[in-house]
Amino acid sequence: MIRHCLESDFQTIYEIINDAAKAYRGVIPRDSWLEPYMSTDALSLEIKNGIVFWGNEQDGELTGVMGIQDKIDVTLIRHAYVRTKVQNQGIGTNLLRHLEQITEKPILIGTWENATWAISFYQKHGYRLVDRAE
């Protein structure tokens with residue numbers, strides 16, 4: 001089930017992000033890696049700045065999260081993470097498809113250039129790389 005995340009989900013969102021972000025260790029620039037990858041303060045700031053999280057819930061447990069942020073003429077997909085123990089089971093796809101349905105604006109997604117698995121995921125779902133100048 002895909003549902004809007006509540007304030008009471010904050011700690012779980014934090015845990016999912018930092019669990020799944022372990023995949024970036026050694027892939028992204030060293031000066032960009034933090035431990036934890038996203039602090040509670042950084043997550044709070046992201047939410048304060050307008051990111052709304054949606055989660056995939058299975059058997060009463062959040063297994064993945066994806067944020068959506070409305071900008072003037074586009075929608076940003078931000079912080080898409082699935083618990084490592086349940087990756088590759090369609091959770092990310094379900095979250096992405098849900099967020100696509102709740103916006104009518106063009107969607108932009110950013111990820112690390114060296115995160116080839118993430119880029120491949122989005123390309124598999126019809127997204128394309130854009131030139132940084134676009």
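This section describes the sheet, the helices, the pockets and selected local features of a predicted model.

The model contains an open sheet of 5 strands. The strand order is 1-2-3-4-5, and the pairing is mixed. Strand 1 (2–4) and strand 5 (107–109) are the edge strands. Each of these two pairs on one side only. On average, neighbouring strands of the sheet are turned by 30 degrees against each other, direction ignored.

Strands of a sheet pair through backbone hydrogen bonds, in either a parallel or an antiparallel sense. Strand 1 and strand 2 pair in the antiparallel sense, over 3 bridges. Here Arg3 stands opposite Gly55 of strand 2. Strand 2 also runs antiparallel to strand 3, and 7 bridges join the two. Within this pairing, Gln58 stands opposite Glu61 in strand 3. Strand 3 (residues 61–70) and strand 4 (residues 75–82) are antiparallel as well, with 6 bridges between them. Val65 has Tyr81 of strand 4 as its bridge partner.

Strand 2 and strand 3 form a hairpin with 2 residues between the strands. Asp59 lies in the loop between these two strands. Its phi is positive, near 50 degrees, in a residue other than glycine.

A second local backbone feature is found elsewhere in the chain. Glu35 and Pro36 are joined by a cis peptide bond, with omega at about 0 degrees. Pro36 is found in the loop between helix 1 and helix 2 (40–48).

Two helices are described here by their contacts with the sheet. Helix 1 (residues 10–20) lies across strand 2 (52–58), strand 3 and strand 4. Helix 1 runs at about 95 degrees to strand 3. Helix 3 (residues 91–101) lies across strand 1, strand 2, strand 3, strand 4 and strand 5. The angle of helix 3 to strand 3 is about 35 degrees.

Salt bridges were searched for over the whole structure, and 9 were found. One of them joins the side chains of Arg3 and Glu57, at 2.3 Å from N to O. This pair links distant parts of the chain. Arg3 belongs to strand 1 and Glu57 to strand 2, and the two are 54 residues apart. Arg3 is also the residue that stands opposite Gly55 in strand 2.

Pockets were examined next. Rolling a probe the size of a water molecule over the atoms shows where empty space is left. The largest pocket has a volume of about 840 Å³. Its lining comprises 30 residues. Ala80, Trp117, Ala118, Phe121 and Tyr122 lie nearest the centre of this pocket. Strand 3, strand 4, helix 3 and helix 4 (116–124) each supply at least two residues of the lining. By class, the lining of the largest pocket holds 18 nonpolar, 10 polar and 2 charged residues.

The second largest pocket has a volume of about 620 Å³. A set of 18 residues lines this pocket. Closest to its centre are Ile109, Gly110, Arg128, Leu129 and Val130. Strand 4, strand 5 and helix 4 are the elements that give two or more residues to this lining. The lining of the second largest pocket divides into 10 nonpolar, 3 polar and 5 charged residues.

Strand 4 and helix 4 thus recur in the description of the pockets. Both supply at least two residues to the lining of the largest pocket. Both also give two or more residues to the lining of the second largest pocket. Strand 5, an edge strand of the sheet, is among the elements that line the second largest pocket. Helix 3, which lies across strand 1 through its contacts and across strand 5, is among the contributors to the largest pocket.

Key:
Residues numbered from 1 in each chain as written. Predicted model: local features only at pLDDT ≥ 70, side-chain atom pairs only at ≥ 80, totals over all residues. Heavy atoms only, no water. Pairing = 2+ DSSP bridges. Helix = DSSP H or I, 4+ residues; strand = E, 2+ residues; numbered from the N terminus. Axes fitted to C-alpha atoms, helices over the stretch in contact; angles between N-to-C directions. Contact = heavy atoms within 4.5 Å. 1 Å grid on protein atoms, 1.4 Å probe; cavity = no way out; pocket = protein on both sides within 12 Å on 5 of 7 lines; lining within 4 Å. Points joined across faces, edges and corners; volume = space filled by probe spheres on them. Nonpolar A, V, L, I, M, F, W, Y, C, P; charged D, E, K, R; others polar. Salt bridge = Lys/Arg side-chain N within 4 Å of Asp/Glu carboxyl O.
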